[in-house]
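Thanks for asking me to look this one over. Here are my notes, in numbered points, to read alongside the structure.

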Amino acid sequence: MTVRSRFAPSPTGSLHIGNVRSGLFAWLFARHHGGAFILRIDDTDRERSTEQSLQEILTDLQWLGMDWDEGPPDRKYFQTSRVERHREAALQLLRERKAYPCYCSAEELEAKRKAAEREHRRPMYDRTCRGKEFPADLELPDKSKGRNYTIRFAMPTEGETAVDDLVKGRMVFNNSDLDDLIIIRSDGSPVYNLASVLDDADFQITHIVRGDDHVPNTPRQIQMFLALGFAPPAFAHMPQVLGPDGSPLSKRHGATSVVAYRESGYFPEAMLNYLARLGWSHGDQEIFCKDELIEYFGFAACGKSAGVFNAEKLLWLNFHYLKQHTAAELAQQVKPFIAKRGWPIPGDDAWLEGAVATLRERAKTLNELAEFASFYLRDDIEPEAKAVAKFLKPDISEPLKTLADELSNVNGDFSEAAIQAVFEHVLASFSLKLGQLAQPVRVALTGGTVSPGIYEVIAVLGKQRTVARLHAAVDRIRGASAHA
RNA sequence: GGCCCCAUCGUCUAGUGGUUAGGACACCGGCCUCUCACGUCGGGAACGCGGGUUCGACUCCCGCUGGGGUCACCA
């Protein structure tokens, strides 16, 4: 049997970390077994589904490299295009007496539910309408035509339903605890539980991989597969992803969507690696490339307990992958992040590569890389007041000026070695230690007290810009002391 | 409340009856050093509790406690 797994996001918002992880495991499982990965769009909630979030989800998936064998743009894989199929199946169930019309109003049901809760009883539908007679040719509900009822699935009331879950193990449910759930609303539209079962059956899904919040649905869906005449697929329920406070990961925990990380300059390899390692392991290994993930993946090595999303570990992984890229690659990849800040993108790729090379050990994301490159990219830097106060003092103006002069006299290659030689000469003539000169120079050139090695910075900046900034600093010091 | 699930360092986890309980992130300290990083060396840090089973339990069983999921004309 060929493995066919699926991922069925709803296009009602951004692709969520917890959600995409279930999708990733479904994808890894399919790829591991050389099977097919099906992308289905659960867009039955027409109110909240948008084209924009659909496009965003597809982009995220492509970015992560989670390619699908079947799915969009083929309309067949959009749940809304299958409502006729869902309605026919409901009709079939009705004719076979495996479903029945329910005339209870939403208000009545709500009242009963509240009463049950008050009395600490299970708030389950009391099956008032089950067993009542109804014509064999009963039509599906349509409120607008006066057919104001819903269709419920007649769940077996005896026996039990077992789920042999690939990650959770065997779970047994009493059928008497299973609700007669609504499968067709009073407006005639099919409900998720029916649509999902039918789609999984029709698309011949062999393994349903999803979040474990679906566990309670599983025995009900198995009964529906059976009633519809299908063999139920295998199930693998992944534990939830939690926020740092132990509650399910949500927007209030900060960045939790794939797109947020994509736009912050994270690498897809890092995201993939992190997501896979959250709830799954392969001995002590922490770093996995995509092919290794596919090769090693299995549900046996998946944990059963929920995991806390750790943004710092993701960041560490991202740093790891950033270091894997060459400076030339990073120079290209950082451009969009420079543009986003409204800064000019250098035309000289080799120069940008040189600048990136000095920053790559310091930045953990492409976004940080762009941020740190600020003083290379712009000449209108505003030095930090604290740094100026601490390092740009009157007695350093002379050494700074001398350094500028000697630097401008360097002939030939403006290399780090040449720059170092100039420094050593200035240091000796003023009896200064490197630290005493380097920090003021750093403030003069970068505006702050933190930067790559000072020789590297000067080499990247070039003779002209370096000298200009040193002169500016000297002027600033003299201006300040003149005012004093 | 009913049903279901879960339980090793702060976090992600390894571990399948006998280990000094391992790794990673984070944290702390040393080294390197022109700042910050990187790197490197080292450190602290966990089997929720109580019963069994066993010569021996982190590992198996039961109970407790704690945490979570779910009970819609949402998906």
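1. In which loop is the place of P73? This proline sits in the loop between α2 (51-64) and α3 (83-95). Please keep in mind that you are looking at a predicted model. With that said, do check the peptide bond from P72 to P73, since it is cis, with omega near 5°.

2. Next, the division of the chain. Chain A is split into domain 1 (1-73 + 239-324), domain 2 (83-192), domain 3 (326-378) and domain 4 (379-484). Domain 1 is thus written as two stretches, 1-73 and 239-324. If you place centres on the C-alpha atoms, those of domain 2 and domain 3 are 59 Å apart.

3. Now to a sheet. Three strands form an open sheet in the order β3-β4-β7, and their pairing is antiparallel. At its edges are β3 (99-102) and β7 (182-184), each of which pairs on one side only. On average, neighbouring strands here are turned by 45° against each other, direction ignored. Between β3 and β4 (residues 150-153) there are four bridges, in the antiparallel sense. For a residue to click on, try P101: its bridge partner in β4 is I151.

4. A word on the cysteines. The structure has zero disulfides. C102 is in none, although the sulfur of C104, the nearest cysteine sulfur, is 3.8 Å away. A disulfide needs the two sulfur atoms within 2.5 Å, so that pair does not qualify. C102 counts as buried because its relative accessibility is 1%. For C289, the closest cysteine sulfur is that of C302, and at 18 Å it is too far for a bond. C289 is partly exposed, with a relative accessible area of 38%.

5. T206 deserves a visit. You will find this threonine in the loop between α5 (192-202) and β8 (207-211). Is T206 buried or exposed? With 10% relative accessibility, T206 counts as buried. A polar atom of the T206 side chain lies 2.8 Å from the backbone nitrogen of R4. Setting aside neighbours within four places in sequence, T206 is in contact with M1, T2, V3 and R4, and also with P233 and A234.

6. One lysine caught my eye. K335 belongs to helix α11 (residues 327-340). The cut-off for buried is under 20% relative accessible area, so K335, at 17%, is classed as buried. Which residues does K335 touch, not counting those up to four places away in sequence? They are I345, D349 and L352.

7. Two helices in the later part of the numbering are worth a look. V426 lies in α17 (residues 416-430) and counts as buried, at 0% relative accessibility. Not counting residues up to four places away in sequence, V426 touches P399, T402, L403, E406 and L437. As for T402, it is 24 residues from V426 along the chain, yet their C-alpha atoms are separated by 7.1 Å. Helix α19 (residues 454-461) is mostly covered, with six of its eight residues buried. Those buried residues are I454, Y455, V457, I458, V460 and L461. As a reminder, an α-helix has 3.6 residues a turn, so residues three or four places apart point the same way. After α19 comes G462, with a positive phi near 90°.

8. Finally, two backbone angles to inspect. R127 is not a glycine, yet its phi is positive, near 60°. This arginine is in the loop between α4 (106-118) and β4, and at 19% relative accessibility R127 counts as buried. Because the cut-off for buried is under 20%, R127 falls inside that class. S431 likewise has a positive phi in a residue other than glycine, near 55°. Its place is in the loop between α17 and α18 (434-446). Is S431 buried or exposed? At 66% relative accessibility, S431 counts as exposed.

Notes
Residues numbered from 1 in each chain as written. Chains lettered and ligands numbered in written order. Predicted model: local features only at pLDDT ≥ 70, side-chain atom pairs only at ≥ 80, totals over all residues. Heavy atoms only, no water. Pairing = 2+ DSSP bridges. Axes fitted to C-alpha atoms, helices over the stretch in contact; angles between N-to-C directions. Buried < 20%, exposed > 50% of the residue type's maximum accessible area, 1.4 Å probe, protein only. Polar contact = N/O pair within 3.5 Å; in protein donor to acceptor, adjacent residues only side chain to side chain. Contact = heavy atoms within 4.5 Å. Domains from an automatic or database assignment.
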